[in-house]
Amino acid sequence: MSQPTTSLPIQLSDKPLHRYAGWLLAIALGSLFLTASSYISIPMWPVPITMQTLAVVLVGAVFGWKLGGATILAWLAEGALGLPVFAGGAGGLAVFMGPTAGYIFSFPLIGMLAGWLVARGWDGSRPLLAFVGMAVAQTLCLIIGALWLAAMIGPQKAWAVGFVPFLIGDVVKSAMAAATLVLWHTAKPRRTTKQ
């Protein structure tokens with residue numbers, strides 16, 4: 001029996017050409033979603049509040065860890081090439097060396113972690129576990145981002161401006177992600193047999 005290639009509700013064809021075309025379409029749509037989330041931003045120094053982490057964990061959770069990870073990496077590559085896909089329309093290699101770089105580097109990891117947890121039942125069928133999983137992923141982003149920032153401005157300042165101010169937002173975004181997964185779970189077609 002063939003295994004599904006993604007956790008999307010529409011199974012991609014087992015034919016290689018159709019499967020890869022489906023992956024490319026999903027990556028393109030996921031990249032657009034991630035870019036749109038970057039433009040929902042509250043300016044702060046040195047790191048703005050955006051909806052990026054919410055979008056990143058949702059892409060991983062809904063697409064699955066493999067396709068989600070590929071989508072996030074493709075989006076980061078678009079940014080590295082200079083496309084305006086990050087907060088405030090930023091793009092280019094300088095973004096990967098600035099104060100937000102640690103958060104950005106964590107995105108593939110937290111997206112894949114979210115997808116991995118969902119595949120193990122931390123999904124919309126278990127709202128509390130879904131919330132905890134999304135919170136763990138988003139907190140990991142904060143930790144990695146603050147560690148990078150600490151190398152630039154010192155640990156105490158990084159904790160004060162790169163970690164603590166984002167905790168409430170992460171709780172809210174984790175609740176939003178869990179609610180989205182609950183809706184996703186109730187809307188997706190039921191499989192008649194277990195994979």
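Two helix axes count as roughly antiparallel when the angle between their N-to-C directions is over 145 degrees. Keep that cut-off handy; the model you're working with here is a predicted one.

**Exercise 1.** Work out how α3 and α4 run relative to each other.

*Solution.*
- Find the helices first: α3 covers residues 65-80 and α4 covers residues 101-119.
- Next, take their geometry: they pack at about 165°, and the axes sit 8 Å apart.
- Now apply the cut-off: α3 and α4 are therefore roughly antiparallel to each other.
- Then check the hand: where α3 passes α4, the crossing is right-handed.
- Finally, see who touches whom. On the α3 side, the contact residues are W65, G69, I72, L73, W75 and L76. On the α4 side, they include F107, P108, G111 and W116.

**Exercise 2.** Do the same for α4 and α5.

*Solution.*
- Helix α5 spans residues 127-153.
- The angle between α4 and α5 is about 160°, with 8 Å between the axes.
- That is over the cut-off, so this pair is roughly antiparallel too.
- The α4/α5 crossing is right-handed.
- For the contact, α4 brings residues including Y103, F105, L109 and L113, while α5 brings, among them, M134, L140, C141 and W148.

**Exercise 3.** Which leucines form a nonpolar patch on the surface, and how much accessible area do they have together?

*Solution.*
- Pick out the members: L25, L29 and L32.
- Take their joint accessible area, which is about 320 Å².
- Place one of them: L29 belongs to helix α1, residues 16-38.

Technical notes:
Residues are numbered from 1 along each chain as its sequence is written. This is a predicted model: local features need pLDDT of at least 70, side-chain atom pairs count only at pLDDT 80 or more; totals for chains, interfaces and linings use all residues. Side-chain values use heavy atoms; hydrogens and water are left out. Patches are made of residues with over 30% relative accessible area and no salt bridge: like charges are joined within 9 Å, nonpolar side chains (Val, Leu, Ile, Met, Phe, Trp, Tyr) within 5 Å. Accessible areas come from the Shrake-Rupley method with a 1.4 Å probe; for residues, only the protein chains shown count as cover. A salt bridge is a side-chain nitrogen of Lys or Arg within 4 Å of a carboxyl oxygen of Asp or Glu. Helices (H or I, at least four residues) and strands (E, at least two) are DSSP runs, numbered from the N terminus. Axes are lines fitted to C-alpha atoms, for helices over the stretch in contact, and angles run from 0 to 180 degrees between N-to-C directions. Angles under 35 degrees count as roughly parallel, over 145 as roughly antiparallel, 65 to 115 as roughly perpendicular and the rest as oblique. A crossing is left-handed if the near helix is turned anticlockwise from the far one by less than a right angle, and right-handed if clockwise. Contact means heavy atoms within 4.5 Å.
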